[in-house]
Each structure stands twice: as structure tokens, then as C-alpha cells.
Amino acid sequence: MKKRIFSGAQPTGNLHLGNYLGALKNWVALQDEYESFFCIVNLHAVTLPQDPQVLRQKTLDLARIYLASGIDPEKSTVFIQSDVSEHAELAWILSCTTRMGELERMTQFKDKGKGNAERAGVGLFTYPVLMAADILLYQTHLVPVGQDQKQHLELSRDLAERFNRDFGETFVVPEPFIPPVGARIQSLADPAKKMSKSDENANGAIFLMDDADTIVKKLKKAVTDSGTEIKFDETRPAINNLLTIYQLMTGKTAAECEANFVGKGYGHFKTETAEAVVEFLKPFQERVKNYTDEDLKAILRTGAEKAKTIARETLTDVYGKMGIVGALN
Ligand code: AMP
Ligand code: TRP
């Protein structure tokens, strides 16, 4: 039997190159080797305020982006989190075994809650518990994510181990899969920050649906480091980031990338990187147009049915082990 992977992204904002390189690209690469579940985590999205109309639209758009990236619905199960109510149910159970202290240590809560816990939603605080439920319901072995999710993954592992110890072997303890290159793409405007959907600086992120002119403009404006050499060097984060993007867009080795820019200036480097990104995104953006809402809904319905069967099995086991019995069945 194949091992399982599970991952997801939130249907908020616009997906950017970081989302693709840190997550989606690896989902596509792993889907042949693993039995795969890719979820549109709309319940996570509402941990911050969302416009209902926009959330509705972004939910289907994200499915479109998954498929255009190369996720094959014949091989992988693609579904919407809210279609499988077991996610919310297991999240409740796990929230009863999670300690406040464990969640207080989560750096994403501190970032997204802007350090003001008094005003933050409780859902934003318990967000990593819902994420653990997503993963553990499917007896997931591997979770391909970007670097920023590593801490959440560790909590998922701790919760699985704790439950197994207290109630007997129930959950597979998941491992993170964080790619060696691309796990943290930085903002073009501020290389100390990660590229993010909600960057205040409009030039910080390259969105997957950006047109060629916008991409060229953003790369032209990208911050660089002092010096002139175009080499991988952790101490020069701006150039390191641009070179990483260039490498992943072209599929060249690190040495080939460096060799390509020996004796060249930053201007040339940025233009060539922009060209590589535009070339890469062109066929992707064509494919996005291929799916009608009807196509997507059919795929998502089939995905939800398959996911639900597995999720229910795990939840029934959990309830049974805990002595949670109802009167209906
Ligand atoms: P999100 O948009 O927060 O739902 O993230 C979806 C996936 O993209 C997660 O696996 C993140 O770890 C990954 N991701 C988000 N931002 C970046 C980034 N700047 N670099 C690499 N991966 C990222
Ligand atoms: N928290 C992830 C993010 O913001 C999204 C997510 C929710 C996820 N549930 C998950 C990722 C389960 C992997 C597995 O990027």
C-alpha cells in the first residue's frame, strides 16, 4: 500500500510564487509515489475576517490553481475542508488534549494576531489544532509544506503521540516534507520577510496570475544587496532569494545558475529572472482557464466523498476509544 500525503492552502488572497515553490510544486512531484489528499482549507480562512462573496469565489479559484499546477484529480483527492465535517469534530477533540502553553508558543499566532492576544479570535489561537485534525484524520505519513508550517507540524506530531499514548495506537505520526530549496521564498521588497499574500508592499510578491509586465516591473524594483557578484550566499539574502527563484524556474543546478551570471550586472540578472518567471507562468495561466465551475464542482464532490469515508473511519475509532457514544448509532 502507498503511504499517504496531506496538504492544503487557504483560499484567501492570491497565491504567489512562494506558495507554488514551497508547497504546490512538491505536491505535484509527490502525487505519484503517495496516495494524496489536497485540501482547500476554508475553515482556516475564517480565522481572520473574510468577505463572504470573495471567500466563495476564492474557494473555487484555488481548486483551479491546484489543477493548473499539475495536481491530477485521477490520482489525487482534491476537496474542500468544510465538505468533510469530521475536520471540525476532530479539531474539537484534539483541542481538549492540547495545552494552552503549546499554542501560546506558536509564532504564527503571534504574527497574525499582531501580538495582541486580547483582540485576536479564539479560532486564530486554535488554528494549529484544526490543522492537526486535517492531517491526522487521513493517517498521513508525510506533509509537504513550506518552512513557516514546521512548528505547526511539530504540534501535530505531539498531539498524535499523546493521543496514542493515552488511548492506544490510533494515529500515524506525520513527518514534515520541507523542500531543500524554495521552502522560504522571501519578499522582493524586503528580503528579511517571507513572500506573503498580505504583504503591504505591492511589489513584494509575484502572484501566480500576474501578467508579464507586472512581473518585469516587480523584478526590476526588487531590492538587491551591496556588492556585485551573483552567487548563492546566505549573507546576501536579496540576491540569494532572486537566484533561488531563477534556479527553481529554470530547473538549472546552483552551479549552472552562478555560471550563467559570471561577469553580468544586476540589471541583466533581474531581466533574465523575470523572463524565466514569465515563461514558467505562461502555460500555467493558460491552464487555469481550462476549468469551468461545473468541472471543478464535480471533482470536488468526488474528492469530498472519498475523503469523508476515510475521515469518518478515523473519527469513529477516536470516539470509540474515548467512550464517546451517541444514541443514534
Ligand atoms: P497559505 O497560503 O498560508 O495557505 O500557504 C500555503 C502553503 O504555501 C504552505 O505550505 C506554506 O508553507 C507555503 N508558503 C507560504 N508562503 C511561502 C513562502 N514565502 N515561501 C515558501 N513557501 C510558502
Ligand atoms: N496552515 C497551512 C498554511 O497556512 C494550511 C493548512 C491547513 C495545512 N491545514 C493543513 C497544511 C494541513 C498542511 C496540512 O499554509
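So, to kick off: how do the residues of the shell around ligand 1 divide into nonpolar, polar and charged? Keep that in mind for a moment while I set the scene.

What we have here is a predicted model. The protein has 13 helices and 5 strands. Its radius of gyration is 21 Å, close to the 20 Å that the globule rule gives for 329 residues, so we're dealing with something as compact as a globular protein of that length. If you draw a box around the C-alpha atoms along the principal axes, you get roughly 75 × 45 × 40 Å.

Okay, on to the ligand. Ligand 1 sits in the largest pocket, and 18 residues surround it. Back to my opening question, then: the shell splits into 8 polar, 6 nonpolar and 4 charged residues. Helix α1, residues 17-30, gives the largest share of that shell, with 4 residues. The closest residues to the ligand are Q10, G146, D148, I185 and K197.

Now the polar contacts, and let me take the backbone ones to begin with. At Q10, a backbone N or O atom lies 2.9 Å from an oxygen atom of ligand 1. Over at M195, a polar backbone atom is 2.9 Å from a nitrogen atom of the ligand. Then there's a side chain: N19 has an N or O atom there that is 3.1 Å from an oxygen atom of ligand 1.

And how much of the ligand does the protein bury? On its own, ligand 1 exposes 490 Å², and the protein buries 92% of that.

That's it from me, happy to go through the pocket on screen.

Note on methods:
Residues are numbered from 1 along each chain as its sequence is written. Chains are lettered from A and ligands numbered from 1 in the order in which they are written. This is a predicted model: local features need pLDDT of at least 70, side-chain atom pairs count only at pLDDT 80 or more; totals for chains, interfaces and linings use all residues. Side-chain values use heavy atoms; hydrogens and water are left out. A residue is near a molecule or strand if one of its heavy atoms lies within 4 Å of it. A polar contact is a pair of N or O atoms within 3.5 Å; within protein, one must be able to donate a hydrogen and the other to accept it, and residues adjacent in sequence count only if both atoms are side-chain atoms. Accessible areas come from the Shrake-Rupley method with a 1.4 Å probe; for residues, only the protein chains shown count as cover. On a 1 Å grid over the protein atoms alone, a cavity is a set of points where a 1.4 Å probe fits but cannot get out, and a pocket is an open set with protein on both sides within 12 Å along at least five of seven lines; lining residues have an atom within 4 Å of a point. A molecule sits in a cavity or pocket if more than half of its atoms lie within 2 Å of its grid points. Helices (H or I, at least four residues) and strands (E, at least two) are DSSP runs, numbered from the N terminus. Ala, Val, Leu, Ile, Met, Phe, Trp, Tyr, Cys and Pro count as nonpolar, Asp, Glu, Lys and Arg as charged, and the others, Gly among them, as polar. The radius of gyration is taken over C-alpha atoms; the globule rule is 2.2 Å times the number of residues to the power 0.38.
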